[in-house]
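Hi everyone, thanks for coming. Let me put the structure up, and then I'll talk you through it.

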Amino acid sequence: MKKIKVLVNEDKCYLCGGCAGVCPALAIRVSSSWQFFEDKCISCMICIKACPVGALSYEEVAQ
């Protein structure tokens with residue numbers, strides 16, 4: 001499985017928390033800003049599919 005880093009488009013994201021709510025690894029935290037914890041991410045990409053405005057994307061990272 002490829003390892004990814006989730007990226008947020010801050011112009012689209014309105015901090016709804018939908019991505020954090022579906023992340024099984026608690027790798028995303030949303031409060032007054034969007035935060036991603038790469039060390040916790042299991043690369044399932046559920047967050048990317050869950051975003052209602054398409055604000056999330058990813059890039060592969062070297063393992």
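So, of the 63 residues of the protein chain, 24% count as buried, meaning under 20% relative accessible area with a 1.4 Å probe and protein chains only, where exposed is over 50% and partly exposed is in between. Bear in mind that this is a predicted model, where local features need pLDDT of at least 70, side-chain atom pairs count only at pLDDT 80 or more, and totals for chains, interfaces and linings use all residues. Residues are numbered from 1 along each chain as its sequence is written, and side-chain values use heavy atoms, leaving out hydrogens and water.

Along the sequence, the pattern reads β-α-β-β-α-β, so you're looking at 2 helices and 4 strands, all DSSP runs numbered from the N terminus (helices are H or I, at least four residues; strands are E, at least two).

Now, how many aromatic pairs does the structure hold? Just the 1. The ring centres of Trp34 and Phe36 are 6.2 Å apart and the planes sit at 10°, so this pair is stacked. For the cut-offs, rings of Phe, Tyr and Trp (its six-membered ring) pair if their centres lie within 6.5 Å, and planes under 30 degrees apart are stacked, over 60 edge-to-face, and the rest tilted.

Trp34 is buried, at 14% relative accessible area, and Phe36 is buried too, at 18%. Phe36 belongs to strand β3, residues 34–36. Leaving out residues up to four places away in sequence, Phe36 touches Ile4, Lys5, Val6, Ala27, Ile28 and Cys41, where contact means heavy atoms within 4.5 Å.
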